[in-house]
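Please look over the sequence and the model below before reading on. The paragraphs that follow start from a single residue and then turn to the contact between two chains and to a ligand.

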Amino acid sequence: MLNLFLFVGLPYMAFIVCTVGIVYRYRRKGFTVSSLSSQFLEGKELFWGSVPFHIGILVVFFGHLTTFLVPRATLAWNSIPVRLLILEVTAFTFGLTVLIGLAALMYRRFTTPRVRAVTTGMDIVLEGLLLAQVVFGLWIALGYRWGASWFASDLSPYLWSLVKLSPETTAVFALPWVIKAHIVGAFTIVLIIPFTRLIHFFVAPLNYIARPYQQVIWNWDRRAIRDPGTAWSPTQPRNN
Amino acid sequence: MDVRSQISMVFHLDKCIGCHTCSIACKNIWTDRKGAEYMWWNNVETKPGTGYPSKWENQDIYKGGWEKDGDGIQLKGAGKAKGLGNIFHNPHLPVIDDYYEPFTYKYLNLIESPAGDDQPTARPISMITGEPMDIKMGPNWDDDLSGSPDYARNDPNLENLTPAERDAMFDLERMAFFYLPRICNHCLNPACVASCPSGAIYKRGEDGIVLINQSVCRGWRMCVTACPYKKAYYNWSTGKSEKCILCYPRIEAGHAPACMHSCVGRIRYLGVLLYDADQIERAASADDTEVVGRQMDMILDPFDPDVIAAAKANGVADSTIDAAQKSPVFRFVKTWKLALPLHPEFRTLPMLFYVPPLLPVMASVKSVDNSTQAEKMNETAKYWPDNWLYDTTTKSMFGTIDDARFPLQYMANLFSAGDTKEVADRLKKLMAVRLHRRQVTVGDVQPEAVAAALESTDLTPQTADDIYYLTSLAKFDDRFVIPAAHREQAIELMEFAGDVKGNTGFGFKAGTAKRGP
Ligand code: SF4
Ligand code: SF4
């Protein structure tokens, strides 16, 4: 029963809460959506935490995502042992980077009074969860080889079965508890995204790449406004 | 020609008394909040001095503004590649200690401490952590400290002065300083806008005010680095950046911004300038020596029929064109060529102009004989034993600009990208106006000398009187010419009035069911 809740109920709940929560917060509570950077209060130690943490977690996250999305390609890649080794070593290295970064960030958070002043309970919960997640991840990588392959062959089908709304749980139920904890941890993190600072991941400023540097916003259609015929045409100002 | 209107400002530095009333007015309205305590959207600095944040003008440290890159320009410390690359940790971001750690005092200790042998004290506590702290810096920490080794001598504008020139500036008995009030310049080529990865910062088309949309800002903090004037601030509590909004709610209602309204020295002027937006790139990418001139070229004559026609075609309201014609800023900047932008070499094309201060320049370092002058004064006034401190003889007034107490180069570093001629031209005009008025009111100057002074600066007595009027006597409505159209259309900047057209009374509280297509 507990298994059923953790591996069927929780994922759906997490997905729904996360989607609705993000859309709601983005549209209605835009003022709360921020990276909440504390670099302005402490800038030196942050470097040794923030940079490894972010780079590491991006690589690890997209690694997991790829294995989930294209399990066959991953298996094909892994069919040659050297390539599997390269993949595992890379993933482990970046996992370690996340751990180091996260440890540095947590150390900084607890020892810098200024950073503590902008720390919420949710930040600590989130950092605790992430820490557990990373430690479990590294443990799994070392203890249950080779994750890159069995994720593709066992877990990816489970996740896809969730997507297809006909959960296939036999494989997950049989997994060792560490891996189960890692999976539950992942769903929990997804669940709490809208209530934490993690939401800043969804507003990563990629549109900056294509945008012209300068932005001028007209509250009125400046040419039409002098023309009595068009002055009432319903054009909403773009900035609110 | 793409004619746009810009609300811009002139600060007359000779009139600033350094009272900080402007800063307080702004603080009371806008930044007296958690996370914003350290922000001074309006601040007043003592020059020479390091300013706020400390040494903000030194872009080797702060990497603000634009720099030349071949024919074009690029942001010095931000931009697409650098901004996104440094997003996890911005190496050029100032930290709160570059400004100061906001503090208050534990006043309750004075009342609530138990009886004891010692006098209770109100210890300073940090407004960030709430812990007791030692105050190391505060707002205007270098106020009036000209000559001080920590502040004045570290002024970034002293860089290309000779050691002799520097020493002369800080010679104890000849020391001088002036005040430099600063707000956001609402630039035409704003570095803050260009650096914002989220696109939260924008320039308002109608009046050129630069704003940060608080719901779109994500706290990537690139604007803090990019603004060379350090006028974009990071609110450490909300995780959003904030900046001077030029009191746009007041401007829309026809009021002057709070700092200007409250200015005790009446040094501030605000009005519309029409400019040609097609020339922004040309001006911003000019060589250092040309950037001031090209920025002046962009500003259009609001009386020119071609300009008026182009403005109308572009949707500039008649009332705005009218305001541009009455604009005190246009007169100071363009007609009389008395004002200059601060640090034009940062290439953001700032739209706040300064009339450079004559006073520290005028007071001569030469030894002169003031005795004839002193004889004319009454007993109390004439006790002035030093002959060299202030040259009060009217004879040599005009000549003193070149061997001034403040090297012209210093002024030029501030206001004209190092070009002393631009500054000298303006100072000579100011001097000529003074001579003219001295002749009118006191009459102890040779009329020929005055005429020569006016002629050499291309002024007529009439213009000199106009300058004098706008400088010294101007009333509120002369100093602030705010386009009238904004008053009745103010609501349209916030919401679309067409939405409620046809509604009765106070309008519908909720939408009705939709009928028809
Ligand atoms: S002064 Fe700074 S904040 Fe203001 S518009 Fe210019 S670049 Fe932006
Ligand atoms: S209120 Fe006016 S005179 Fe006083 S410091 Fe500010 S700008 Fe200068």
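**A residue and its neighbours**

Leaving aside residues up to four places away in sequence, B:T471 touches B:H12, B:K15, B:Y269 and B:F332, where contact means heavy atoms within 4.5 Å. B:T471 lies in helix 21 (residues 461–473) of chain B, helices being DSSP runs of H or I with at least four residues, and strands E runs of at least two, numbered from the N terminus. Because its relative accessibility is 14%, B:T471 counts as buried, a word that stands for under 20% relative accessible area, with over 50% called exposed and partly exposed in between (1.4 Å probe, protein chains only).

This is a predicted model, in which local features need pLDDT of at least 70 and side-chain atom pairs count only at pLDDT 80 or more, while totals for chains, interfaces and linings use all residues. Residues are numbered from 1 along each chain as its sequence is written, chains are lettered from A and ligands numbered from 1 in the order in which they are written, and side-chain values use heavy atoms, with hydrogens and water left out.

Between the two chains, the contact takes 67 residues from chain B and 53 residues from chain A. There are 2 salt bridges between chain B and chain A, each a side-chain nitrogen of Lys or Arg within 4 Å of a carboxyl oxygen of Asp or Glu. A:R114 forms a salt bridge with B:D97, with the closest N and O atoms 2.8 Å apart.

Ligand 1 is surrounded by residues of chain B, among them B:C184, B:H186, B:C187, B:Y229 and B:K243, near meaning that a heavy atom lies within 4 Å.
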